[in-house]
2 protein chains.
Amino acid sequence: MGIELGVLKIERKILEKNDEIAHSIRGLFKEHNIFTLNLVSSPGSGKTSIVEKTIKECKEKFRIAVIEGDIQTDLDARRIDASGIPVVQIITHGACHLEANLIRDSIKNINMKEVDLIIIENVGNLVCPSGYDLGEDHKVVIVSTTEGDDKPLKYPAMFRNSSVLIINKIDLLPHLHSSIEELEKNALAINPSLTIFKTSCVSGDGINEWCNWLLSKMKKQ
Amino acid sequence: MGIELGVLKIERKILEKNDEIAHSIRGLFKEHNIFTLNLVSSPGSGKTSIVEKTIKECKEKFRIAVIEGDIQTDLDARRIDASGIPVVQIITHGACHLEANLIRDSIKNINMKEVDLIIIENVGNLVCPSGYDLGEDHKVVIVSTTEGDDKPLKYPAMFRNSSVLIINKIDLLPHLHSSIEELEKNALAINPSLTIFKTSCVSGDGINEWCNWLLSKMKKQ
């Protein structure tokens, strides 16, 4: 019991410290007029592909930099690097989520005067990253159609703490038994204010709508 | 820095305590001649479907009980309950993995004299459950083909700590760009002693091979 209480106390301290750093990063982003996204999802939902498509569609319209969070390997950072966009790699060496102090350290490698949008790709994990503010404007949760339609009910914190949901891999829908309507219904039951996009990085469906929304949000900033 | 050190120390204490409890559960399982699996994967890889198929294929051959680990909802436990098999639900209320003390408590609800196999379905998370021994004979990692072929490299601990890999949803392979050969190669690069099965819970492919392996292991016990 002593151990569990100790963990709870330290977790609260870590979250408080994280929120404090996130608050200061958010101020820094605002100061430089930088819009920021924190992409969260299960492994393999297509986060990196969404980042690649967003870069391709938007890089002529605004200047983008990417922060790649991975437990191991720089495979994703290399994919982004091929787009000719500044990318900073964070390897967590086993840790299951990114924290604000890692973002604070990594943005030292980004020329903030030359960036309009920073996309943070979190570690693939539908649980642990949900509680950690990274100073972003929007937490964007990505779910692929192949994961089934019950995920918002089973992993509610991530859907509650995100403001945008991207339902990815819609090209596979004809081959699946899960229902995209049911998935949307379940997501909105957890968080009625979610903005929802339906995308395929294979066919390109929905990428335009997503990028238009992004552009409109950035203009309003 | 003080906080991080504190966390490391407490994490070590938790893991030590977990291993101690797991050791005692393992003894209890052996005493009752019960074979145990700990199923781990990302959300939506098909763990519950694999459990359902295993029950359907094997329930005439040996007596099965299931422990369902979920962050929220009893959706999976209800699916298993429909198979007519004893099922115990653990809801973690936000926690990202099962620990041995939860298994110790939940097996009090299972009549150990009337069970040959206990299947533990862990929380959907390819990171955190990897370090927690639950007293099982085999940790079985499930990856669906739709998650891409690079997951063993990006989430190595889970593949290193498992003895069996099930590559699920092989019916979707014709519609994907990822390579099952590459996935196998990457998994074996991380853990050369992995036993690999390729399954589809839609077509039923590979379920027979998986169940035959299970039966052969249980007979040897």
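This report covers a helix pair in each chain, the largest nonpolar core, and a few single residues. The model is a predicted one.

**Helix 2 and helix 8**

Two packed helices are described by the angle between their axes and the distance between the axes. In chain A, helix 2 spans residues 47–58 and helix 8 spans residues 207–220. Their axes lie 10 Å apart and pack at an angle of about 70 degrees. Angles of 65 to 115 degrees count as roughly perpendicular. Helix 2 and helix 8 of chain A are therefore roughly perpendicular to each other. Their crossing is right-handed.

Which residues of chain A make helix 2 meet helix 8? From helix 2 come Ile50(A), Lys53(A), Thr54(A), Glu57(A) and Cys58(A). From helix 8 come Ile207(A), Asn208(A), Trp210(A), Cys211(A) and Leu214(A). By type, the residues of this contact divide into six nonpolar, two polar and two charged.

Chain B has its own pair. The axes of helix 2 (residues 47–58) and helix 8 (residues 207–220) of chain B come within 10 Å, and they cross at roughly 70 degrees. These two helices of chain B are therefore roughly perpendicular to each other. The crossing in chain B is right-handed. Helix 2 of chain B brings Ile50(B), Lys53(B), Thr54(B), Glu57(B) and Cys58(B) to the contact. Helix 8 of chain B brings Ile207(B), Asn208(B), Trp210(B), Cys211(B) and Leu214(B). The residues of the chain B contact divide into six nonpolar, two polar and two charged.

**The nonpolar core**

In soluble globular proteins, nonpolar side chains tend to be buried together. Here, the largest nonpolar core has 38 residues. Those with the most contacts inside it are Val141(A), Phe159(A), Leu165(A), Val141(B), Phe159(B) and Leu165(B). In chain A, strand 5 (138–144), helix 6 (156–161), strand 6 (164–168) and helix 7 (180–190) each supply at least two residues of this core. In chain B, strand 5 (138–144), helix 6 (156–161), strand 6 (164–168) and helix 7 (180–190) each do so too.

What does Phe159(A) contact, leaving aside its neighbours within four places in sequence? Its partners are Leu126(A), Val141(A), Val143(A), Lys151(A), Pro152(A), Leu165(A), Ala187(A), Ile190(A), Asn191(A) and Leu194(A).

**Helix 7 of chain A**

Ile180(A) is in helix 7 of chain A. Ile180(A) is buried, with a relative accessible area of 12%. Beyond residues up to four places away in sequence, Ile180(A) touches Ile167(A), Ile170(A), Leu173(A) and Lys198(A). Ile180(A) and Asp149(A) are 31 residues apart in sequence, but 6.7 Å apart in space, C-alpha to C-alpha.

Glu184(A) is also found in helix 7 of chain A. Is Glu184(A) buried or exposed? Glu184(A) counts as buried, because its relative accessibility is 18% and the cut-off is under 20%. Leaving aside neighbours within four places in sequence, Glu184(A) contacts Ile167(A), Ile196(A) and Lys198(A).

**Positive phi in two loops**

Most residues other than glycine have a negative phi. Two residues listed here have a positive value.

| Residue | Phi | Relative accessible area | Loop |
|---|---|---|---|
| Asn33(A) | near 55 degrees | 47%, partly exposed | between helix 1 (2–31) and strand 1 (35–41) of chain A |
| Lys169(B) | near 65 degrees | 14%, buried | between strand 6 and helix 7 of chain B |

Technical notes: Residues are numbered from 1 along each chain as its sequence is written. Chains are lettered from A and ligands numbered from 1 in the order in which they are written. This is a predicted model: local features need pLDDT of at least 70, side-chain atom pairs count only at pLDDT 80 or more; totals for chains, interfaces and linings use all residues. Side-chain values use heavy atoms; hydrogens and water are left out. Axes are lines fitted to C-alpha atoms, for helices over the stretch in contact, and angles run from 0 to 180 degrees between N-to-C directions. Helices (H or I, at least four residues) and strands (E, at least two) are DSSP runs, numbered from the N terminus. Angles under 35 degrees count as roughly parallel, over 145 as roughly antiparallel, 65 to 115 as roughly perpendicular and the rest as oblique. A crossing is left-handed if the near helix is turned anticlockwise from the far one by less than a right angle, and right-handed if clockwise. Contact means heavy atoms within 4.5 Å. Ala, Val, Leu, Ile, Met, Phe, Trp, Tyr, Cys and Pro count as nonpolar, Asp, Glu, Lys and Arg as charged, and the others, Gly among them, as polar. A nonpolar core is a set of buried Ala, Val, Leu, Ile, Met, Phe, Trp, Tyr and Cys residues joined through side-chain atoms within 4.5 Å. Buried means under 20% relative accessible area, exposed over 50%, partly exposed in between (1.4 Å probe, protein chains only).
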